[in-house]
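Here is a short report on a protein chain and its helix packing. Look at the model first, then read on.

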Amino acid sequence: MTKAFKFYAAIWAVSLIVFNFAAFICCAKVNMITGSFWIGYIFIVLAFIGQLAASYIAFKAENAQKMFYNMSLFTISCISLAAMLMFGVMCMVIPLFPLWLGASLCIIITGISTVINMTAYCAAKTAASMDNEINAKTYTIKTLTSQAEHLMASAKSDEIKSACKKAYEALRYSDPMSNTALSELNEQLQCQFKAFEDAVFSEDFELLSSVLCDLLDLIDKRNKKCKLLK
């Protein structure tokens, strides 16, 4: 349970307590507890519970990106609760409000809210799944780009730094997307980059130049194949 949800749960509990106090103390004084009162009260409490469940799903996200996707679910659940409060309170405070009409309105609002909340939840899950898929497909190039940037920053001579910059820029401007057809090339690229990394640490500029040439050729070959696969 995240701190954000714990904080929100405290606000939710206070809101529910205030609602119950207002419902029973105020309505009981004017003798307004009728059948329509219970219809409104029950559906409002159910809306509170549903909103808490939606909030738990929204706040349990393990990173900011997923929480951002889940915020639509949280927002919609709050709007659904507000709508139920409006119609539910109307049933509670109007003594002659028809029981069948109150029940019908509350059921319709509950149904619509449930469908919209489920749609928002599915949309958030789909977006998160697409992000995971994209991250997996771009992992190789992004990782090698980061490693090349580190090599460039830690280079001890201008010649080696220049070679690392060429490798970094070639990787940085490469198409990061990948698929199964590129798996063999990706493996070759990783092996070639490891050889390039070893050449950097050896400080043998002739070897580094040769390995860099092979690395750039392999990157170019991968980029051309990426274009053909689109």
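Contact means heavy atoms within 4.5 Å. That cut-off applies to the helix pairs below. The model is predicted.

**Overall fold**

The chain has 8 helices and 0 strands. Read along the sequence, the pattern is α-α-α-α-α-α-α-α. The chain has 230 residues, and 36% of them count as buried. Take the contacts between residues at least 6 apart in sequence: 72% of these join residues at least 24 apart.

**Helix H7 and its partners**

Two packed helices are described by the angle between their axes and the distance between the axes. Helix H7 spans residues 183-202. Two of its packing partners are covered here, starting with helix H6, residues 158-172.

H6 and H7 pack at an angle of about 160 degrees. Their axes lie 11 Å apart. Angles over 145 degrees count as roughly antiparallel, so H6 and H7 are roughly antiparallel to each other. Their crossing is left-handed. On the H6 side, the contact uses Ile160, Ala163, Cys164, Ala167 and Leu171. On the H7 side, these meet Leu189, Phe193, Phe196 and Val200. By class, this contact has 9 nonpolar residues, no polar and no charged ones.

The second partner is helix H5, residues 139-154. H5 and H7 pack at an angle of about 10 degrees, with their axes 11 Å apart. Angles under 35 degrees count as roughly parallel, and H5 and H7 are therefore roughly parallel to each other. H5 contributes Thr140, Ile141, Leu144, Gln147, Ala148 and Leu151. H7 answers with Asn186, Leu189, Gln190, Phe193, Phe196, Glu197, Val200 and Phe201. The residues of this contact divide into 9 nonpolar, 4 polar and 1 charged.

Leu189, Phe193, Phe196 and Val200 of H7 appear in the contact with H6 and also in the contact with H5.

**Salt bridges**

How many salt bridges does the count come to? The count is 2 salt bridges. The table gives each pair with its N to O distance.

| Pair | N to O distance |
|---|---|
| Lysine 194 and aspartate 198 | 3.0 Å |
| Aspartate 220 and lysine 224 | 3.2 Å |

Lysine 194 and aspartate 198 belong to helix H7. They are 4 residues apart, so about one helical turn separates them. Lysine 194 is partly exposed, at 43% relative accessible area. Aspartate 198 is also partly exposed, at 39% relative accessibility.

The other pair lies in helix H8, residues 205-229. Aspartate 220 and lysine 224 are 4 residues apart there, about one turn of the helix. Is lysine 224 buried or exposed? Lysine 224 is exposed, with a relative accessible area of 51%; the cut-off for exposed is over 50%. Aspartate 220 has a relative accessible area of 39% and is partly exposed.

**Glycine 35**

One glycine rounds off the report. Glycine 35 is found in helix H2, residues 35-59. Its relative accessible area is 40%, so glycine 35 counts as partly exposed. Which distance separates the C-alpha atoms of glycine 35 and cysteine 91? The separation is 9.1 Å, for two residues that are 56 residues apart along the chain.

Conventions: Residues are numbered from 1 along each chain as its sequence is written. This is a predicted model: local features need pLDDT of at least 70, side-chain atom pairs count only at pLDDT 80 or more; totals for chains, interfaces and linings use all residues. Side-chain values use heavy atoms; hydrogens and water are left out. Axes are lines fitted to C-alpha atoms, for helices over the stretch in contact, and angles run from 0 to 180 degrees between N-to-C directions. Angles under 35 degrees count as roughly parallel, over 145 as roughly antiparallel, 65 to 115 as roughly perpendicular and the rest as oblique. A crossing is left-handed if the near helix is turned anticlockwise from the far one by less than a right angle, and right-handed if clockwise. Ala, Val, Leu, Ile, Met, Phe, Trp, Tyr, Cys and Pro count as nonpolar, Asp, Glu, Lys and Arg as charged, and the others, Gly among them, as polar. Buried means under 20% relative accessible area, exposed over 50%, partly exposed in between (1.4 Å probe, protein chains only). A salt bridge is a side-chain nitrogen of Lys or Arg within 4 Å of a carboxyl oxygen of Asp or Glu.
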